[in-house]
Amino acid sequence: MDFTLTEEQKMVQRTIREFIEKEVMPYEPQVLRNEREGRPGLSREEIRELQLKAKRLGFWGINTPEEYGGANLGPVMTALIQMEVGRTFVPFQFGGSADNILYACNEEQKQRYLIPVINGERRSCFALTEPGAGSDAANIRMSAVKDGRYWVLNGEKIFITNGNEADFAMVFAVTDKEKGARGGVTCFLVDREMGWRSEPIQTMGEWSPASLIFENVRVPEENVLGEVGGGFNLAMRWIGQGRWVIPARGIGAAERLLQMAIDHAKMRVTFGKPIAERQAIQWMIADSAVEIEATRWLVLRAAWLAERGLDNRHAASMAKLYGANMANRVCDRVLQIHGGMGYTKELPIERWYREMRVWRIFEGTDEIQRFIIARNLLRGYVKVGELMD
Ligand SMILES: Cc1cc2nc3c(=O)[nH]c(=O)nc-3n(C[C@H](O)[C@H](O)[C@H](O)COP(=O)(O)OP(=O)(O)OC[C@H]3O[C@@H](n4cnc5c(N)ncnc54)[C@H](O)[C@@H]3O)c2cc1C
């Protein structure tokens with residue numbers, strides 16, 4: 001077995017680390033200030049400027065096929081890159097990307113939706129969750145009824161990331177009640193001008209999702225994404241993609257936090273000695289380091305399976321469950337090691353603490369990941385002690 005990264009992977013890692021440290025981290029004080037005053041951490045223009053700087057280094061569309069101008073670096077490289085990006089809480093992401101399911105657009109839809117999203121000219125949101133259906137996404141109730149050349153959508157979506165800013169939504173609605181998630185859910189590309197409204201939802205973090213309200217919104221039939229009845233599979237494809245990206249970011253964040261704790265522990269003296277010399281503190285540091293390392297290999301394995309075109313759903317669920325919890329545990333310990341200062345807004349620990357909590361909830365809660373992992377084992381889809389390929 002060879003754990004060595006290729007020269008190219010090492011080079012990418014170094015370049016991104018340098019980019020994040022030199023170009024993105026300097027925004028951290030401004031992000032904290034803005035957010036605390038109720039503004040977005042970075043303006044759209046600032047994000048764009050950073051994205052264009054990254055583009056000059058060759059990082060544009062890291063998962064976007066070359067034919068659309070992307071670098072298409074593949075899952076393993078993406079995991080390595082996200083670990084580096086996670087080292088800052090500045091809300092930065094590389095430009096030149098689009099939701100994976102927008103590649104299901106037909107040629108005409110690609111011009112109106114996929115390509116403008118890749119170019120950063122239009123913004124999308126993914127609207128599946130409803131007030132009555134979150135984990136149990138198969139139970140969505142938003143209805144789409146055919147009326148001539150239109151589908152008429154009625155219902156409400158909730159907790160939709162970018163729902164307030166998006167120019168269009170990828171909306172999942174029931175087109176056949178009998179079939180439900182087994183062929184009765186369809187995905188629609190719905191422009192805001194077609195008549196849906198959004199209302200922001202305040203959360204404990206800086207993430208401000210929205211409710212989307214649909215009252216007799218008329219959507220032309222050419223705005224069906226993929227096949228009528230094929231929406232649930234598209235939704236699962238979208239969700240599945242993010243499962244190992246969240247813990248990848250968690251690794252970067254946890255590493256940065258742990259370093260803060262190490263620095264603080266060496267400096268802070270109580271009862272005549274630095275707290276770093278106390279076993280209670282050392283154990284928190286040691287446990288955190290072990291858990292970060294364990295997450296790294298869970299994430300890389302999930303990414304490696306995806307890279308080879310193999311089914312990575314079990315591995316991705318394990319990475320998401322373990323990694324999201326790891327980040328929360330590490331952040332909590334780091335806050336503890338900082339004592340009262342850890343609880344203040346002088347330091348970014350509380351900012352991270354609030355953000356990370358949602359990692360255990362969206363893209364499949366802890367309980368849903370456990371359910372998936374246990375089901376795979378109980379039904380024999382995955383065998384305990386199976387020899388590795
Ligand atoms: C900040 C934020 C951003 C989001 N962004 C989006 C987005 O962009 N698009 C989108 O469509 N959705 C989005 N979501 C919604 C998110 O995916 C759901 O909140 C999540 O799937 C959980 O659903 P729920 O909130 O309805 O909780 P519920 O499904 O009601 O679950 C409540 C609790 O019960 C547990 N539970 C549920 N079923 C079971 C079971 N069978 N066995 C054991 N325990 C169970 C859950 O794990 C949870 O602890 C976002 C949510 C948040 C908070």
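**Asn 216 is found in strand β7 (residues 210–220).** The model here is a predicted one, in which local features need pLDDT of at least 70 and side-chain atom pairs count only at pLDDT 80 or more, whereas totals for chains, interfaces and linings use all residues. Residues are numbered from 1 along each chain as its sequence is written, and side-chain values use heavy atoms, with hydrogens and water left out. Strands (E, at least two residues) and helices (H or I, at least four) are DSSP runs, numbered from the N terminus. Asn 216 has a phi near 50 degrees, a positive value in a residue other than glycine. Its relative accessible area is 53%, so Asn 216 is exposed; that word stands for over 50%, buried for under 20%, and partly exposed for what falls in between (1.4 Å probe, protein chains only).

**Phe 159 has a positive phi too, near 60 degrees, in a residue other than glycine.** Look for Phe 159 in strand β3 (residues 150–160). Its relative accessibility is 52%, so Phe 159 counts as exposed.

**The largest nonpolar core holds 61 residues.** A nonpolar core is a set of buried Ala, Val, Leu, Ile, Met, Phe, Trp, Tyr and Cys residues joined through side-chain atoms within 4.5 Å. Ile 81, Phe 92 and Phe 94 have the most contacts inside this core. At least two residues come from each of α1 (7–24), α2 (28–36), α3 (44–56), α4 (75–85), α7 (245–267), α8 (279–307), α9 (313–337) and α10 (349–356). The biggest share, 11 residues, is given by α9. In soluble globular proteins, nonpolar side chains tend to be buried together. Zoom in on Ile 81 and you will find it touching Val 12, Ile 16, Phe 59, Ile 62, Leu 73 and Phe 94, with residues up to four places away in sequence not counted. A second, separate core has 25 residues, including Tyr 113, Ile 118, Ala 137 and Leu 234.

**Ala 54 sits in helix α3 among phenylalanines.** Its relative accessibility is 0%, so Ala 54 counts as buried. Beyond its neighbours within four places in sequence, Ala 54 is in contact (heavy atoms within 4.5 Å) with Phe 19, Phe 59, Phe 92 and Phe 94. These four, Phe 19, Phe 59, Phe 92 and Phe 94, form one aromatic cluster. Glu 23 is 31 residues from Ala 54 in sequence, with 9.2 Å from C-alpha to C-alpha.

**Strand β4 (residues 168–174) is mostly covered, with seven of its seven residues buried.** Phe 168, Met 170, Phe 172 and Val 174 lie on one side and Ala 169, Val 171 and Ala 173 on the other, and both faces are covered. Two strands pair if DSSP finds at least two bridges between them. Strand β1 (residues 124–127) runs parallel to β4 and is joined to it by four bridges; here Cys 125 stands opposite Ala 169. Strand β5 (residues 185–191) is antiparallel to β4, with seven bridges, and Thr 186 in β5 is the bridge partner of Ala 173.

**Helix α6 (residues 231–242) has its buried residues on the same side.** This helix has 12 residues and reaches 18 Å from first C-alpha to last, close to the 16 Å expected at 1.5 Å a residue; the expected span is 1.5 Å times one less than the number of residues. Gly 231, Phe 232, Leu 234, Ala 235, Ile 239 and Gly 242 are buried. They cover an arc of only 160 degrees around the axis, an arc taken over the directions from the helix axis to the C-beta atoms. Among the elements covering them are β1, β4, β5, β8 (224–225) and α7.

**The whole structure has 13 aromatic pairs, and two are picked out here.** Rings of Phe, Tyr and Trp (its six-membered ring) pair if their centres lie within 6.5 Å; planes under 30 degrees apart count as stacked, over 60 as edge-to-face and the rest as tilted. Tyr 113 and Phe 168 are edge-to-face, 4.7 Å centre to centre with 65 degrees between the planes. Tyr 113 lies in helix α5 (residues 107–118) and Phe 168 in β4, so this pair ties together parts that are 55 residues apart in sequence. Both Tyr 113 and Phe 168 are buried. Phe 126 and Trp 238 have ring centres 3.8 Å apart and planes at 5 degrees, so they are stacked. This pair links Phe 126 in β1 with Trp 238 in α6, 112 residues apart. Phe 126 is buried at 12% relative accessibility, whereas Trp 238 is partly exposed at 21%.
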